[in-house]
Amino acid sequence: MNRRQICTGQGAQGGAPRARGQLAGAVASAVAHASAADATGRLSAETVALLTRAGFARHFVPGVWHGTEGTFSDLLAEVAAVGEGCASAAWCAALWATHGRYAAHLPPEGQLDLWGRSPDVRIAAGLRPSGSAARCSGGWLLSGTWECVSGIADADWLLLAAPEPDEPRLPGGRCRLFAVPAAEIHVRETWRSTGMRGTGSHTAVLDGPVVVPDHRTCSLSDVLAGSPGPGRSRCHTAPAYLGTGLLLCAPALGAARHALREWTAWAARRGAGRPSERATLQLTLAQSADDIEAAELLLGDAALRADSGTRAERDVARNRRVAAAAAQHLVTAVERLFRAAGTHACGGSGPLERTWRDVHVLAAHQAVRRETAAALYADSVFADFEDRPEQAAELPAACSAAAPRFMAHSAPAEVVAGVH
């Protein structure tokens with residue numbers, strides 16, 4: 001394939017979702033090995049292979065490399081399905097897909113290095129700028145450590161972010177994203193989490209400077225902004241935060257469904273024997289189902305927005321708000337189920353207890369932190385009124401006195417570490 005073909009090739013936007021049998025096989029393996037993944041801190045080789053065969057790694061890979069160029073809506077549904085079996089497996093599947101979308105911003109020759117033989121390449125990432133990068137002949141010298149790199153043990157390649165020379169750390173400093181073969185990375189086992197243990201989100205270490213050629217690097221800000229470019233389809237030009245939060249919530253959505261199913265099986269038996277508890281169990285079931293279905297509707301709406309091609313700042317802020325709200329709904333649902341089950345849930349490392357741990361850890365992720373999302377969304381909304389002084393004059397005195405306080409609010413700076 002020549003350079004011109006690489007630059008202009010296009011795949012079918014929104015390719016067909018995974019074959020039902022392939023997805024079902026991956027889900028079955030995730031279910032079968034969920035307890036072991038939680039205990040060992042790593043997905044089973046079988047689950048990794050079946051998730052890869054099901055096409056998660058190729059979901060956003062450009063069509064010229066035989067990738068799917070798929071949609072956020074399809075990926076949301078499929079990751080949630082895996083999450084019903086194992087939240088850690090679903091998390092890794094979502095990130096393999098997401099990182100393929102980021103790698104589509106590499107120069108054509110860099111994409112060839114990654115996907116020249118197959119689009120089914122598992123890519124892990126450390127997007128919190130770390131380490132150091134220095135120019136050298138034909139490329140860069142990269143060294144350092146990157147924490148919380150999910151699925152690092154099963155990755156073929158890593159995308160690692162580092163500040164450009166003489167640039168300050170974020171916010172404000174320019175950074176680059178470097179594609180490094182996994183064989184050049186040393187894994188330091190540092191992941192000791194309450195939940196999501198199977199993601200194996202350890203630390204990536206480059207003990208000495210590694211040469212990264214120019215064609216395997218690109219601007220991190222372009223990746224996060226979803227900057228258009230040759231060969232990039234609509235799924236590649238969605239700003240990172242338009243889709244990140246909703247996809248990171250997808251494993252929690254599946255896990256919450258699993259928790260509801262496990263709890264319902266227990267409650268049906270208990271309610272049959274204790275009529276006095278029936279009303280409480282009924283209310284718990286209904287309220288938790290409400291929360292989970294509300295989260296599903298919110299995330300589905302956000303996915304459609306991400307698939308629409310919008311790049312508007314307001315839409316990005318709205319999707320962040322929606323994802324954070326969905327995460328809160330899911331935590332509320334699972335917490336309610338866990339408390340209602342009492343010692344049944346707490347007595348051992350069963351599915352409900354594991355799900356409770358996983359959902360709480362997922363909801364603590366920076367990308368779905370509600371305070372940050374609320375501040376960014378509010379700033380985008382209040383900005384519409386800053387240029388309309390005539391409306392402020394019409395407000396009641398109490399409201400107009402409060403207005404400057406809200407207008408002056410400054411949202412927290414974007415933290416790139418939330419998109420990994």
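**Salt bridges across the chain**

Me: Is Glu 84 buried, partly exposed or exposed?
Reply: In this predicted model, Glu 84 has a relative accessible area of 22%. Buried means under 20% and exposed over 50%, so Glu 84 falls in between and counts as partly exposed.

Me: How many residues apart in sequence are the parts that Glu 84 and Arg 261 tie together?
Reply: Glu 84 forms a salt bridge with Arg 261, with 3.1 Å between the closest N and O atoms. Glu 84 sits in the loop between helices H4 and H5, while Arg 261 belongs to helix H8, so the pair ties together parts whose separation in sequence is 177 residues.

Me: Nice! Which residues do salt bridges with shared partners join into one network?
Reply: The structure holds 16 salt bridges. Those that share partners make one network of Asp 38, Arg 197, Glu 353 and Arg 357.

Me: Within that network, which of Arg 197 and Asp 38 is buried?
Reply: Their side chains meet in a salt bridge at 3.8 Å, N to O. Arg 197 lies in the loop between strands S6 and S7 and Asp 38 in helix H2, so this contact ties together parts 159 residues apart in sequence. Arg 197 is partly exposed at 30%. With a relative accessibility of 8%, below the 20% cut-off, the buried partner is Asp 38.

Me: And what is the N to O distance between Asp 154 and Arg 42?
Reply: Asp 154 is buried, at 12%, whereas Arg 42 is partly exposed, at 43%. The side chains of these two residues meet in a salt bridge, with an N to O distance of 3.1 Å.

Conventions. Residues are numbered from 1 along each chain as its sequence is written. This is a predicted model: local features need pLDDT of at least 70, side-chain atom pairs count only at pLDDT 80 or more; totals for chains, interfaces and linings use all residues. Side-chain values use heavy atoms; hydrogens and water are left out. A salt bridge is a side-chain nitrogen of Lys or Arg within 4 Å of a carboxyl oxygen of Asp or Glu. Helices (H or I, at least four residues) and strands (E, at least two) are DSSP runs, numbered from the N terminus. Buried means under 20% relative accessible area, exposed over 50%, partly exposed in between (1.4 Å probe, protein chains only).
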